[in-house]
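Got the model open in your viewer? Here is a walk through it, one selection at a time.

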Amino acid sequence: MTLLEKVNSPQDVKKLNLAELETLAEEIRQAILNRDSKIGGHVGSNLAVVEATLALHYVFNSPLDKIVFDVSHQCYAHKLITGRQDGFLTDEGMKRISGYTNPKESEHDAFVVGHTSTSVSLACGLAKARDFRGEKHNVIALIGDGSLSGGEAFEGLDNAALLKSNMIIVVNDNEMSIAENVGGLYENLRLLRETKGKAECNFFKALGFEYFYIDNGNSLSDLIHTFSEVKDTNKPTVIHMHTLKGKGYSLAEEYKETWHWRMPFNLSDGSLTFQDNKETYNSITVNYLIKKVEQDKKVVVINAATPGAVGLVPDKRRQLGQNFVDVGIAEEHAVAFSSGLAKGGCKPVYMVLSSFIQRAYDQLSQDLAINNNSAVILVFGGGISAADVTHLGCFDIPLISNIPNVVYLAPTTKEEYLAMLDWGIEQNSHPVVIRVPKEVVSAKLDKVDYGNLNVYQTVEKGRQVALLGLGSFFGLAQKVAEQLKQKGVHPSVINPRYITGIDEILLNELKKEHQLVVTLEDGILDGGFGEKIARFYGKDAMKVLTFGGKKEFTDRVALEELYQRYHLTAERIVQDILETLKTC
């Protein structure tokens with residue numbers, strides 16, 4: 001029996017000696033690699049903190065002592081020693097256990113966490129609540145150094161220093177974010193590493209923290225010694241530990257950005273077990289922008305610390321040169337920065353994932369839209385998906401499309417997407433957001449002036465039923481139309497193109513020969529595109545069916561199951577349409 005098989009709780013960790021803990025650390029690494037190689041997941045960040053996690057549970061007393069993980073990119077070892085080994089060792093367990101902390105899984109998880117820079121603020125709340133209640137226990141926030149570039153991390157640190165009570169912040173400094181660390185703060189972290197924590201210039205001390213430095217953050221003995229020293233402290237404390245990202249797997253140690261997160265792979269050589277060589281919107285976008293920058297040096301490409309997720313891999317970033325700016329994990333800054341660039345005469349293009357743009361709502365509204373500056377924002381990964389609960393991309397339509405001045409576009413094909421992107425960059429009248437489609441579809445495109453706002457395209461003229469297929473769901477509308485024709489109904493098929501506005505002329509024209517308008521959108525219905533159409537027809541006899549997602553948080557639910565739940569298959573939509581027509 002392995003040591004890992006004997007460990008079912010932190011209490012079991014406390015029974016081990018140092019040599020056994022070191023053996024357990026290697027067994028944990030193998031379990032992490034087993035899970036990641038089979039279903040994909042965060043590799044380098046989790047491998048870096050195995051010893052730190054063991055030391056935390058060896059010294060502190062979870063769940064009485066609260067450990068808050070930032071982003072959850074570093075929680076795998078924690079899960080393995082808190083009763084969730086099957087999530088790493090069995091196929092069924094891997095489906096059940098998520099890659100993020102979740103109190104529903106274990107009392108040792110404080111929060112559901114999947115976004116960055118939040119741990120210190122969350123831990124501050126726990127510490128303050130403890131003090132209000134007169135309780136005595138430790139509160140620990142484990143934050144990766146990359147997360148320190150997020151605004152909420154700065155806010156949390158600023159306030160944590162004022163607590164004047166037990167608050168322990170463990171800064172995991174592996175010299176990386178997802179890609180390279182960006183920001184002036186990291187110069188101070190480098191100085192602290194070089195001086196073994198003795199530099200007079202110390203960001204954390206300047207805020208008021210007691211400060212400890214661990215040069216070898218993968219040394220169990222050093223970690224246990226320092227954690228024991230700060231346990232039950234009565235003052236805000238920072239432990240700055242220097243770790244090796246990807247420790248224990250040579251490929252992850254050498255290629256840190258590539259191995260931050262990885263699709264399923266072969267352990268022997270790191271090659272992906274499934275390679276899809278289809279053209280993607282990542283490559284389409286980045287290649288277009290490289291050419292655009294060559295022609296116009298005023299074009300500036302911006303990303304907030306997730307460049308690989310949108311195709312901005314290292315060689316592409318080098319080609320963009322100084323016209324690429326990574327602002328660190330700071331979506332709010334990215335939007336305001338883009339607005340400033342536009343005001344200053346540049347042509348900014350901010351590439352961001354749907355689940356992350358929601359972090360910048362205030363800046364979209366206040367810094368960008370009120371000023372009506374012509375920045376372009378490309379939203380990737382929008383739509384209903386089987387993602388975990390913290391990375392859902394189905395909320396961006398209501399969030400963005402209801403902000404005045406913003407033009408939110410929903411292309412249906414590669415050609416339409418590139419035309420919209422080119423228009424958005426060259427115009428200077430509006431903030432333009434483009435919802436990047438999922439599947440790459442090509443089709444001939446007539447020249448369109450997208451500055452003539454809110455003009456929908458009638459792709460096929462019919463009668464009785466009008467299908468408005470928005471963006472990625474335009475193909476679904478076409479499938480519905482074909483099945484309706486087989487039932488004797490010949491519908492109109494319309495590409496709305498604009499999420500933010502309605503084509504009143506076309507919608508009024510539909511009243512003449514149509515009894516039912518059907519909207520299809522790849523997102524939640526509440527506050528979405530379909531509601532705009534239904535509201536327009538509110539006083540008319542026209543009936544409206546809206547198809548999209550329910551306003552709910554889903555967690556790793558199969559896409560096919562969600563489509564059935566929401567009636568988002570061609571067959572179910574046709575059935576609903578035919579039933580409704582009986583009442584028209």
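Start inside, with the second largest cavity of this predicted model: its space comes to about 50 Å³. To see its walls, select Ile384, Ser385, Leu392, Cys394, Ile524, Gly549, Lys550, Glu552, Thr554, Leu562 and Tyr566. Colour that selection by residue class and you get six nonpolar, three polar and two charged residues.

Now for the largest cavity, which holds about 80 Å³ of space. Its lining is Gly382, Ile397, Ala410, Pro411, Arg435, Val436, Pro437, Leu470, Gly471, Ser472, Glu521 and Asp522. By class, this lining splits into six nonpolar, three polar and three charged residues. If you want to keep hunting, the structure has four cavities of 30 Å³ or more.

**On to an open site**

Keep Gly471 and Ser472 selected, as they also appear at the next stop. The second largest pocket has a volume of about 770 Å³. Its lining is made of 31 residues, and those closest to the pocket centre are Thr412, Gly471, Ser472, Phe474 and Gly475. Which element gives the most to this lining? Show helix H22 (residues 474-486): with five residues, H22 is the top contributor. Strand E14 and helix H25 (559-565) are also among the elements that each supply at least two lining residues. Colour the whole lining by class and it shows 14 nonpolar, nine polar and eight charged residues.

**Follow H22 to a strand**

Next, select strand E16, residues 492-495. On one side of E16 are Ser492 and Ile494, on the other Val493 and Asn495. Are these four buried or exposed? Every one of them is buried, so both faces of the strand are covered. The two-sided arrangement follows a general pattern: in a regular strand the side chains alternate between the two faces of the sheet.

Add strand E14 (residues 457-460), which runs antiparallel to E16 and is joined to it by three bridges. For a pair to zoom in on, take Glu460, which sits opposite Val493 of E16. Then bring in strand E15 (residues 464-469), parallel to E16 and likewise linked by three bridges. Here the pair to pick is Ala466 with its bridge partner in E16, Ser492. Trace the chain from E15 to E16 and you pass through H22, in a β-α-β crossover that is right-handed.

There is another crossover to trace further along. Select strand E17 (residues 514-524) and strand E18 (residues 543-549), which run parallel and are joined by six bridges. Within that pairing, Leu516 has Lys543 of E18 as its bridge partner. The connection from E17 to E18 goes by way of helix H24 (residues 529-536), and this β-α-β crossover is right-handed too. While you are here, note that Glu521 and Asp522, both in the lining of the largest cavity, fall within the residues 514-524 of E17.

**Three loop residues**

Finish with some side chains in loops. Go to Thr101, in the loop between helix H8 (91-96) and helix H9 (119-133). Thr101 has a relative accessible area of 5%, so it falls under the 20% cut-off and counts as buried. Turn on distances: a polar atom of the Thr101 side chain is 2.8 Å from the backbone oxygen of Phe111.

Next is Ser149, placed in the loop between strand E3 (139-144) and helix H10 (151-160). Why does Ser149 count as buried? Because its relative accessibility is 14%, and buried means under 20%. Which backbone atom does the side chain of Ser149 reach? Look for the backbone nitrogen of Ile329, at 2.8 Å.

The last stop is Asn17, found in the loop between helix H2 (10-14) and helix H3 (18-39). Asn17 counts as partly exposed because its relative accessibility is 41%, which lies between the 20% and 50% cut-offs. Select its side chain together with Ala19 and Glu20: a polar atom of that side chain lies 3.2 Å from the backbone nitrogen of Ala19, and one lies 2.8 Å from the backbone nitrogen of Glu20. Then zoom out and add Leu162: the C-alpha atoms of Asn17 and Leu162 are 37 Å apart in space, with their positions 145 residues apart in sequence.

Key. Residues numbered from 1 in each chain as written. Predicted model: local features only at pLDDT ≥ 70, side-chain atom pairs only at ≥ 80, totals over all residues. Heavy atoms only, no water. Buried < 20%, exposed > 50% of the residue type's maximum accessible area, 1.4 Å probe, protein only. Pairing = 2+ DSSP bridges. Right-handed = clockwise from strand over helix to strand, strands pointing away. 1 Å grid on protein atoms, 1.4 Å probe; cavity = no way out; pocket = protein on both sides within 12 Å on 5 of 7 lines; lining within 4 Å. Points joined across faces, edges and corners; volume = space filled by probe spheres on them. Nonpolar A, V, L, I, M, F, W, Y, C, P; charged D, E, K, R; others polar. Polar contact = N/O pair within 3.5 Å; in protein donor to acceptor, adjacent residues only side chain to side chain.
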